Amino acid sequence: MKRIIAIILFMCIFLLSGCNTVKTGTNETSGDPAAIPDESTNTPNQDVPQNSIEEKHFVLESNGYKLNAVYTYINDGKAHPAVLLIAGSGPSDYDETIGVLKPFEDIARGLAQEGINSLRVDKRTFGYAAEFDIKCGIEEEYLDDCNIAIEYLKSQNISSLYLLGHSLGGQIATELATSIEGVNGMILFNSSARHLADIACDQYSALDPVNKASYITYAEAAKNATASSAKGYYYYSASDYYWVSYNQIDTVQNISNANIKTLIINSKFDKQSFDEDLGLWTTLFSDSANVSICVYDDISHFGYKIDTTEPSSIYTKIDFPSEVISAFADFVKGD
């Protein structure tokens with residue numbers, strides 16, 4: 001029984017990749033939130049000729065690691081805005097593949113149709129999981145490789161630089177934005193201002209309410225982990241060394257310190273987040289001039305209008321909602 005709970009819990013953390021929201025616009029889409037959208041809602045922007053959109057598949061080298069990457073760009077000789085796509089927690093390929101769905105590929109191609117370049121990269125934990133040892137943390141999982149990816153984008157013909165982080169990737173985007181010059185804005189997509197261990201605790205407790213007290217104890221241990229106290233204990237499938245690294249992130253303070261325009265998008269249909277995640281963004285940033293908040297009614301954790309927590313649903317191909325692509329693009333282009 002404990003093994004089953006542990007497996008379910010690990011899947012919850014992997015799917016955690018989004019839990020956040022502020023408030024500027026609200027999607028009022030009616031109807032069944034799990035319904036597949038009509039093709040008419042996914043008509044691409046025709047301003048960018050399809051034959052000018054290209055994809056460069058290459059290997060991005062970072063600290064001796066070779067990471068598969070895709071640069072999607074408009075090859076017209078002009079400088080265009082560029083976005084780095086940052087995946088959520090757990091091993092993930094550059095498309096953030098889940099079943100037959102490839103949200104990052106869909107986002108990249110949707111942005112290209114809007115005149116925006118993008119870069120997506122395998123996470124190191126996807127191709128080198130065996131080398132991600134007990135003492136590895138956020139630096140090895142995200143920061144080192146994201147810094148190299150950003151340097152790659154800066155070397156291209158771009159007019160501005162944005163970060164789009166999904167779930168935990170949204171929190172990572174705030175950390176990068178405070179330490180890297182030249183970032184013009186960031187998008188936090190289905191992310192949260194809360195501590196990852198608190199969200200995991202809520203997810204575990206929802207699945208196994210009888211043991212809620214134990215999950216609260218695990219969360220507190222993870223949040224209180226320090227360099228001097230770490231001994232290799234595991235809480236929510238991550239070692240206390242990992243939590244020491246994660247505990248250095250202050251998402252809320254990072255947003256304030258970065259002082260760049262920020263778009264926070266969440267959904268009431270995201271089953272990996274909770275009302276507290278949605279409400280906290282509004283409480284914290286509803287009066288901020290730099291922060292825009294948008295809450296949808298009908299998109300899942302990975303952005304599709306289906307329940308991606310239902311195993312069978314992720315094996316049916318579906319379009320990524322054009323209204324979400326438009327929200328990303330309008331923000332980047334300043335519309």
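A residue counts as buried when its relative accessible area is under 20%. By that cut-off, 56% of the 335 residues of the chain are buried in this predicted model.

Start with the whole chain on display. It contains 11 helices and 11 strands. The exposed surface comes to about 14,400 Å², and carbon and sulfur atoms supply 50% of that area. Turn on contacts between residues at least 6 apart in sequence: 76% of them join residues at least 24 apart.

Next, colour by pLDDT. The mean for the chain is 88, and 86% of the residues reach 70 or more. Now select residues 1-46, where the pLDDT is below 50. This stretch still has 135 contacts in the model beyond near neighbours in sequence. Where pLDDT is low, the predicted coordinates should not be read in detail.

Move on to residues 261-267, which form strand E10. Add residues 291-296, strand E11. The two strands run parallel, and 6 bridges join them. To look at one pairing, pick Leu 263 and then Ser 292, its bridge partner in E11.

Keep both strands selected and add residues 275-285, helix H10. Together, E10, H10 and E11 make up a β-α-β unit, and the unit is right-handed.

Last, show E11 with its surroundings. How many of its 6 residues are buried? The count is 5, so strand E11 is mostly covered, each of those residues having under 20% relative accessible area.

How values were computed. Residues numbered from 1 in each chain as written. Predicted model: local features only at pLDDT ≥ 70, side-chain atom pairs only at ≥ 80, totals over all residues. Heavy atoms only, no water. Buried < 20%, exposed > 50% of the residue type's maximum accessible area, 1.4 Å probe, protein only. Helix = DSSP H or I, 4+ residues; strand = E, 2+ residues; numbered from the N terminus. Pairing = 2+ DSSP bridges. Right-handed = clockwise from strand over helix to strand, strands pointing away. Contact = heavy atoms within 4.5 Å. Areas by Shrake-Rupley, 256 points an atom, 1.4 Å probe, with all protein chains shown as cover. pLDDT = per-residue confidence, 0-100.
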